[in-house]
Amino acid sequence: MRKTEIIRNTAETKIKLTLDLDGRGNYDVDTGCGFLNHMLELFTRHGRFDLTVKCDGDTQVDDHHTVEDIGIALGTAFRQALGESRGIVRYGSMLLPMDEALILCAVDLSGRGVLNFDVAIPTEKVGTFDTELVKEFWLTFSRTVGAAVHFKMLAGENSHHIIEGMYKAAGRALKAAVAIDPEYANEIPSTKGVL
């Protein structure tokens with residue numbers, strides 16, 4: 001069973017998160033940040049994970065700590081749920097159209113956390129959400145899970161569409177990367193023998 005629960009409490013946020021990599025796309029997300037809720041719901045549905053998130057954060061300051069710490073908690077959950085990563089495909093990618101936006105996401109669950117973020121979000125905010133926090137989320141996620149995560153925007157004008165395309169594409173890419181490859185069901189997908 002590739003399931004885990006993360007409890008992460010700091011002076012800035014209190015997070016309880018559960019993740020099932022082999023779910024059906026069910027979610028119950030309450031981050032205190034409406035736009036992040038929406039993005040995580042899209043990510044979960046398209047990745048076919050089951051995800052619950054409850055976060056009490058210092059949103060009276062801004063959404064930064066909430067977004068950053070949820071990225072850390074989600075990355076930790078993926079890492080724990082994967083265990084030794086035996087039998088996983090390891091790599092996944094998705095080229096995803098979202099109206100006028102076209103987003104490429106590619107993932108390597110290599111054990112090495114790297115983010116390549118080639119995305120130009122045209123506005124500073126979507127509603128009350130600071131769009132610079134999108135990069136912050138994926139940076140903390142990639143470092144914590146230990147994955148090379150690449151985003152490239154090939155087209156796009158609307159900030160909401162661009163960001164939505166990123167979270168959907170990431171869900172689909174990670175779904176492919178965490179899938180069990182029946183040809184290698186008990187093997188570590190690396191010549192090193194460890195990820």
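Colleague: How many bridges join strand 6 to strand 10, and do they run parallel or antiparallel?
Modeller: Seven bridges, and the two strands run antiparallel. Strand 10 covers residues 148-155. Keep in mind that this is a predicted model.

Colleague: Which residue in strand 10 is the bridge partner of Leu 104?
Modeller: That's Lys 152.

Colleague: And strand 5, how is that joined to strand 6?
Modeller: By eight bridges, with strand 5 (residues 91-98) and strand 6 (residues 101-108) running antiparallel. To give you a couple of pairs, Pro 97 stands opposite Leu 102, and Met 98 has Ala 101 as its bridge partner.

Colleague: What sits between strand 5 and strand 6?
Modeller: Two residues, and the two strands form a hairpin around them. One of the turn residues, Asp 99, has a positive phi of about 55 degrees.

Colleague: OK, zooming out. What's the strand order in the open sheet with strand 5 in it?
Modeller: The order is 5-6-10-7, so to speak from one side to the other, in a sheet of four strands with mixed pairing. Strand 5 and strand 7 (114-118) are the edge strands, each pairing on one side only. From one strand to the next, the twist averages 10 degrees.

Colleague: Which strands does helix 3 touch when it packs on that sheet?
Modeller: Helix 3, residues 132-145, touches strand 7 and strand 10. The direction of helix 3 makes about 155 degrees with that of strand 7.

Colleague: And helix 4, which strands does that one touch?
Modeller: Helix 4 (residues 159-178) packs on the sheet too, and touches strand 5, strand 6, strand 7 and strand 10. Against the direction of strand 5, the direction of helix 4 makes about 150 degrees.

Colleague: At what angle do the axes of helix 3 and helix 4 cross?
Modeller: Roughly 15 degrees, and the axes come within 11 Å. That's under 35 degrees, so helix 3 counts as roughly parallel to helix 4.

Colleague: Is that crossing left-handed or right-handed?
Modeller: Left-handed, as helix 3 passes helix 4.

Colleague: Which residues meet there?
Modeller: On the helix 3 side you've got Val 134, Phe 137, Trp 138 and Phe 141. They meet Ile 163, Met 166, Tyr 167, Ala 170 and Leu 174 in helix 4. By class, the contact has nine nonpolar residues, no polar and no charged ones.

Colleague: Switching to the other sheet. What's the order in the one with strand 1?
Modeller: It's 1-2-4-3, an open sheet of four strands with mixed pairing. The edges are strand 1 (3-9) and strand 3 (27-30), and each of them pairs on one side only. Ignoring direction, neighbouring strands in this sheet are turned by 5 degrees against each other on average.

Colleague: Do strand 3 and strand 4 run parallel or antiparallel?
Modeller: Parallel, with four bridges joining strand 3 to strand 4 (residues 50-57). For a landmark, look at Val 29, which stands opposite Val 53 in strand 4.

Colleague: Which strands of this sheet does helix 1 touch?
Modeller: Strand 3 and strand 4. Helix 1 packs on the sheet with its direction at about 160 degrees to that of strand 3.

Colleague: How far apart are the axes of helix 1 and helix 2?
Modeller: They're 12 Å apart, and the helices pack at an angle of about 20 degrees. With that angle, helix 1 is roughly parallel to helix 2. Helix 1 covers residues 34-47 and helix 2 covers residues 64-82. Their crossing is right-handed.

Colleague: Which residues make the contact?
Modeller: Leu 36, Leu 40 and Phe 43 from helix 1, plus Val 67, Ile 70, Leu 74 and Phe 78 from helix 2. Sorted by class, that's seven nonpolar, no polar and no charged.

Colleague: Last topic, the whole chain. How many helices and strands does the protein have?
Modeller: Four helices and ten strands. From the N terminus on, the elements run β-β-β-α-β-α-β-β-β-β-β-α-β-α.

Colleague: Why call the protein as compact as a globular protein of that length?
Modeller: Because its radius of gyration is 16 Å, close to the 16 Å that the globule rule gives for 195 residues. Along the principal axes, the C-alpha atoms fill a box of roughly 45 × 40 × 30 Å.

Key
Residues are numbered from 1 along each chain as its sequence is written. This is a predicted model: local features need pLDDT of at least 70, side-chain atom pairs count only at pLDDT 80 or more; totals for chains, interfaces and linings use all residues. Side-chain values use heavy atoms; hydrogens and water are left out. Two strands pair if DSSP finds at least two bridges between them. Axes are lines fitted to C-alpha atoms, for helices over the stretch in contact, and angles run from 0 to 180 degrees between N-to-C directions. Contact means heavy atoms within 4.5 Å. Angles under 35 degrees count as roughly parallel, over 145 as roughly antiparallel, 65 to 115 as roughly perpendicular and the rest as oblique. A crossing is left-handed if the near helix is turned anticlockwise from the far one by less than a right angle, and right-handed if clockwise. Ala, Val, Leu, Ile, Met, Phe, Trp, Tyr, Cys and Pro count as nonpolar, Asp, Glu, Lys and Arg as charged, and the others, Gly among them, as polar. The radius of gyration is taken over C-alpha atoms; the globule rule is 2.2 Å times the number of residues to the power 0.38.
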